[in-house]
Each structure stands twice: as structure tokens, then as C-alpha cells.
Amino acid sequence: MDEKLDIEISRVLKAPRDIVWQAWRDPANLVQWWAPKPVVTESIKHEFYSGGGFGTLMRMEDGSEFASEGCFLQVVENEKIIFSDALSGGWRPNASPFMTAIISLEDHPEGTAYSAQVLHNSEEARQRHLDMGFFDGWGTVFEQLDSFVQQLKN
Amino acid sequence: MNTLDAVFHALGDNTRRAVIARLGDGPASVKELAEPFPMALPSFMKHIAILENSGLITSEKQGRVRTCRLREDNFALAQQWFDAQRDLWESRTDRLADFVENQMMKGKNRDG
């Protein structure tokens, strides 16, 4: 995997890995941090093993709902969680893939070094993007957009 | 394709990104833009058409010269999309940090 292709978020979490793991493993915990308040997250499916289904329903304050269903591609205790909405449970292909997330946990003197790498896609043109090497261009696109927007600000 | 898809499609190619990068320095004629690329003009014009359809650039013909320039609004659209995804995951990770640190505190209180 190429770091240039991803959005990557890293933090040192001041808790040992097993506590972080529980925050992901137990849906009752997950719903407490998954979406910002006042959005209420409901866990629809949380088969926390490789190939298991992962479903959340996010309910907005105005009553509108946003459901998403994915698949845990890889679950390695206290180490790694990979899930994607390209598939649902049992590796069944989904209609509109959007992202793959790779969550990594490592020991750190202060607790846990936590990182989330997120690979995105745009829905309709995904295969064409892949064919055309869209992801190879991700880093370049980022840099260009960044510098372009900086220029606009100046 | 909606606009965002068209933007990503347009940016999904080395030649077109190079054109965009060049136009970042200011407007240029198609002839000038085509020069660095080892391809026939009709092929190059297809790239220009894709960029134009995506709304990333506009072109204007005066006499026999077609001049291209960047359109800023659709760049902002793509930038906003990237930013929104980053914000979502940054704040989610912040909330996770708060949650696990609270769990730690609760555990300590129980033990003590």
C-alpha cells in the first residue's frame, strides 16, 4: 500500500491496546464514538471477524437516517481492522463501493499508536478510475489541489 | 456523471494533470499546452475536451488560437470533498481517544 494514496489519521491514544480494541469490538462501545452528537448511531450488524458484516445506522437530529453496510475484511485482535463498504457480510459485493479503511494499533510508551488509513473512491466512475490509474494520481491530485487552493487564498 | 465524478475522472490521467499544473501558472494556448506531449493534436484535444467537460478548465477561441484557463470553483468542490473526508475521520479518531481514555479512568476508579 502506498501512503500517497490515502488519507491517514494518526493519534497516540492514552489507553492500552485492549481498551482500544474493546472500543471497536463491542457495538455498544462503537456507537458511543462513531458519529458526532447529536447524531445517534445504531449498530445494525457487528460481526467482528474477517468476512463478517458491519452495519451502522446514523440518525440525524431532523430524523433523517443514513445507513451504511460493509464487510470486515480482516480482523486481527489488538492489531488490525480492515473494512470496506465495497462488500457486505460474507464478502458479498455491494452496489456502491466508496471506501476501504485500514485501522492499525501498535504499542506506544503512552498507550496505543493508532492510525486510520482511508482509501476513497467516487461511486459511479470507480472502475474507470482504477483502469486509468486514478489512485496512482491521488497524491499528485492532493498536492495540486492544495497548492492551487493556497494560490487562491494568497 | 455528477460534477465531482467528472472532476476525478478528469484528474485521473497524467497528461491532464500536467495540463492542470501548467495552467496553474496562468492561461495558455492549446498549441503551447500540447507541446511537451508526444501525441497527435487530435488526441491531445480529447484531453482538453475532458478537462473542459469536467468544468476544471474553460477555453476560448480568438482567431485561430484557442486559449485555456483554469476554473476555480470546481477545484474548490473537489478540495471540499477531500477536506470533509479528512474531517470525518479526524473527529472520529478524536472521539475514540476520548472514549478509551474515559474507559481507562473508569477502570482505575473501579480498581481503586
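Below, a visitor asks how the labels on this predicted two-chain model are earned, and a guide answers.

Visitor: Before the labels, what are the ground rules?

Guide: This is a predicted model, so local features need pLDDT of at least 70 and side-chain atom pairs count only at pLDDT 80 or more, while totals for chains, interfaces and linings use all residues; side-chain values use heavy atoms, with hydrogens and water left out. Residues are numbered from 1 along each chain as its sequence is written, and chains are lettered from A and ligands numbered from 1 in the order in which they are written.

Visitor: What makes something a helix or a strand here, and how many are in chain A?

Guide: Both are DSSP runs numbered from the N terminus: H or I over at least four residues gives a helix, E over at least two gives a strand. Chain A comes out with 4 helices and 9 strands, in the order β-α-α-β-β-β-β-β-β-β-β-α-α from the N terminus. Chain B has 5 helices and 3 strands, reading α-α-β-α-α-β-β-α along the sequence.

Visitor: Why is C71(A) called buried?

Guide: Buried means under 20% relative accessible area, exposed means over 50%, and partly exposed is in between, using a 1.4 Å probe and protein chains only. C71(A) has 0%, so it is buried. C68(B) is also at 0% relative accessibility, so it gets the buried label too. Chain-wide, buried residues make up 45% of the 154 residues in chain A and 45% of the 112 residues in chain B.

Visitor: How many disulfides are there, and what would make one?

Guide: A pair of cysteine sulfur atoms within 2.5 Å would do it. Over all chains, the structure holds 0 disulfides.

Visitor: Why is E106(A) called exposed?

Guide: Its relative accessibility is 52%, which is over the 50% cut-off, so E106(A) counts as exposed. The residue sits in strand β8 (residues 99-108) of chain A. Contact means heavy atoms within 4.5 Å, and leaving aside neighbours within four places in sequence, E106(A) is in contact with R17(A), G111(A), T112(A) and A113(A). There's also a C-alpha to C-alpha distance of 9.1 Å between E106(A) and K80(A), which are 26 residues apart in sequence.

Visitor: And S115(A), is that buried or exposed?

Guide: Buried: 12% relative accessible area is under 20%, so that's the label S115(A) gets. S115(A) belongs to strand β9 (residues 111-120) of chain A. Beyond four places in sequence, S115(A) has contacts with E8(A), I9(A), S10(A), I102(A), I103(A) and S104(A).

Visitor: What makes E52(B) partly exposed?

Guide: Its 31% relative accessibility falls between the 20% and 50% limits, so E52(B) is partly exposed. E52(B) is part of helix α4 of chain B, and not counting residues up to four places away in sequence, E52(B) touches I57(B), T58(B) and S59(B).

Visitor: What backbone oddities can you point to in chain A?

Guide: One is the cis peptide bond joining K37(A) and P38(A), with omega of about 10°; P38(A) is in the loop between α2 (27-33) and β2 (40-46). Another is N78(A), which has a positive phi of about 65° although it is not a glycine. N78(A) lies in the loop between β4 (65-76) and β5 (80-84). At 23% relative accessibility, N78(A) lands in the partly exposed band.

Visitor: What makes a pocket a pocket, and what is the volume of the second largest one?

Guide: On a 1 Å grid over the protein atoms alone, a pocket is an open set of points where a 1.4 Å probe fits, with protein on both sides within 12 Å along at least five of seven lines; lining residues have an atom within 4 Å of a point. The second largest pocket has a volume of about 220 Å³. Its lining is S29(B), V30(B), K31(B), L41(B), M45(B), K61(B), R64(B), V65(B) and R66(B). The elements giving two or more residues to that lining are α3 (30-34), α4 (41-53) and β3 (65-70) of chain B.

Visitor: How does that lining divide by residue type?

Guide: Into 4 nonpolar, 1 polar and 4 charged. Asp, Glu, Lys and Arg count as charged; Ala, Val, Leu, Ile, Met, Phe, Trp, Tyr, Cys and Pro are nonpolar; the others, Gly among them, are polar.

Note on methods: Grid points are joined across faces, edges and corners, and a volume is the space filled by probe spheres set on the points.
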